[in-house]
Amino acid sequence: MKPRGLLVAVVLLAVLGGVTWWSNKKQAAEAKKTTAGNATKIISIPDNQFQEIRLQKAGSTVDLKRESGKWQIVEPKPLPADQDAMSSLVSTLGTLNADQTIEEKATNLAPYGLNQPSLNVQVVKTDGKTADLLIGDDTPTGSGTYAKLANDPRVFTIASYIKSSVDKTPNDLRDKRLLTFDSDTLTRVDLSAKGPTVEFGKNNQNEWEILKPRPLRASGSQVDDLVAKLKDAKMDLTGTAEELQKAPAAFAAGTKVATVTVTDKSGDQTLEVRKDKDKNYYAKSSAVSGIYKVAADVGDSLDKSLEDFRNKKLFDFGFNDPSRVDAKNGAAANVTYTKSGDQWTANGKRMDNSSVQNLIDKLRDLTATKFADKGGGEPVFEARVVSNNGKRNELVTITKQGDTYFAQREGEPSVYVLDQQAVKDLQTAASAIKEAPPENKKK
């Protein structure tokens with residue numbers, strides 16, 4: 001063949017290949033579009049029409065009913081259900097689509113494992129009508145599972161994850177919370193762990209305070225973390241039946257870690273936590289019957305003393321912008337900085353905002369390294385911060401004795417020990433405040 005003819009043949013072959021590729025791609029896209037748009041629905045039930053779900057497999061039945069909007073486990077024994085887990089189960093069953101229709105009219109169900117289903121899911125709707133889903137063997141590839149409705153001759157495949165989403169035990173679906181208090185109406189927490197019992201309560205600003213063993217400022221974040229751990233404390237039901245049955249004996253022989261009582265609008269709930277020699281934690285709650293193993297972080301969050309919950313911050317104004325700051329740095333005269341609009345002034349003069357803000361930042365971050373039984377020494381710094389539209393007025397005095405800096409808040413007996421560098425940085429920030437540069441006046 002001549003070179004010119006060979007070249008033409010190659011070009012034609014390339015064009016033909018491109019056309020074939022484009023045609024195949026278009027057909028695949030159309031097929032995919034058609035499949036997606038015409039997915040076979042096996043079950044379609046709105047959430048609010050679910051009244052009862054029964055999960056049956058060899059040797060066990062889990063019966064769940066919705067009462068007054070809440071799901072309950074009825075069989076094998078009455079238990080409150082985990083509402084989130086039930087919502088997931090209802091969502092899966094409510095819009096159940098087939099991956100593929102295997103047979104339109106199956107006469108022999110044995111090849112699919114549907115003559116003796118591994119799981120039978122019965123849904124009873126609020127109108128009394130039912131949907132009975134049979135789930136059989138996994139497909140040869142393992143990516144799907146055979147399924148059909150009891151009153152429908154068709155056999156489908158469904159995604160394998162759907163089977164695992166509905167094949168649940170009572171332990172999977174029960175409410176595993178050990179305390180069921182309402183965080184929004186929580187008013188008191190009593191913790192007995194290391195040292196004396198610590199009682200936390202809310203003040204008029206809805207902030208946590210330490211009420212017992214004596215009135216003290218509380219670290220709001222530490223108390224909030226404690227409350228969050230208690231709210232999330234759940235039974236660990238992952239062990240074997242034999243292991244779960246050993247929990248009461250392990251609890252009885254264990255060392256006490258803590259007892260905590262929470263109080264909301266419904267009353268008190270108490271949780272006691274103990275640990276064994278292998279540092280496994282077990283808990284007993286007044287809100288639910290039984291004794292259960294719990295995660296180690298639950299026990300660790302309770303194994304704390306009064307000092308762990310004390311507020312080490314010297315000022316509480318946080319990110320509430322102050323409206324006034326009084327600062328007395330050593331022997332220098334007291335200076336009052338007042339904010340009007342977005343401008344700081346002192347002695348009738350405009351001040352450089354960034355330098356005043358630097359002092360405020362240092363005051364906000366001022367934190368004790370520890371607490372002392374008593375302080376002493378000569379005053380080296382004093383600051384008053386007025387914030388929250390004048391409702392919060394905080395005065396802190398810092399003294400120095402030897403190489404140690406102490407601080408006290410006005411009206412409070414607590415003595416705070418401060419880091420030397422933090423005090424020096426504070427003094428430097430106060431000394432660095434300067435007047436604002438003159439404003440440019442237009443002619």
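Accessible areas here come from the Shrake-Rupley method with a 1.4 Å probe, and for residues only the protein chains shown count as cover. The model is predicted: local features need pLDDT of at least 70, side-chain atom pairs count only at pLDDT 80 or more, and totals for chains, interfaces and linings use all residues. Residues are numbered from 1 along each chain as its sequence is written, and side-chain values use heavy atoms, with hydrogens and water left out.

**Exercise 1. Describe the surface and the extent of the protein chain.**

Step 1. The exposed area of the protein chain is about 25,100 Å², and carbon and sulfur atoms supply 49% of it.

Step 2. The radius of gyration, taken over C-alpha atoms, is compared with a globule rule of 2.2 Å times the number of residues to the power 0.38. For a compact globule of 443 residues the value would be near 22 Å, but the protein chain has 35 Å.

Step 3. The C-alpha trace spans about 100 × 85 × 45 Å along its principal axes.

**Exercise 2. State how many helices and strands the protein chain has, and place Asp-190, Glu-199 and Asp-232 in them.**

Step 1. Helices (H or I, at least four residues) and strands (E, at least two) are DSSP runs, numbered from the N terminus. The protein chain has 11 helices and 28 strands.

Step 2. Asp-190 belongs to strand S12, residues 188-192. Glu-199 is in strand S13, residues 198-202. Asp-232 is in helix H5, residues 220-232.

**Exercise 3. Decide whether each of these residues is buried or exposed.**

Step 1. Buried means under 20% relative accessible area, exposed over 50%, and partly exposed in between (1.4 Å probe, protein chains only).

Step 2. Asp-190 has a relative accessible area of 15%, so Asp-190 is buried. Glu-199 counts as buried because its relative accessibility is 13%. Asp-232, at 52%, therefore counts as exposed.

Step 3. For the whole protein chain, buried residues make up 38% of the 443 residues.

**Exercise 4. Find the partners of Asp-190 and Glu-199.**

Step 1. Contact means heavy atoms within 4.5 Å. Leaving aside neighbours within four places in sequence, Asp-190 is in contact with residues including Glu-199 and Thr-259.

Step 2. With residues up to four places away in sequence not counted, Glu-199 touches Asp-190, Arg-188 and Leu-211, among others.

Step 3. A polar contact is a pair of N or O atoms within 3.5 Å; within protein, one must be able to donate a hydrogen and the other to accept it, and residues adjacent in sequence count only if both atoms are side-chain atoms. One of 2.7 Å joins the side chains of Asp-190 and Arg-188.
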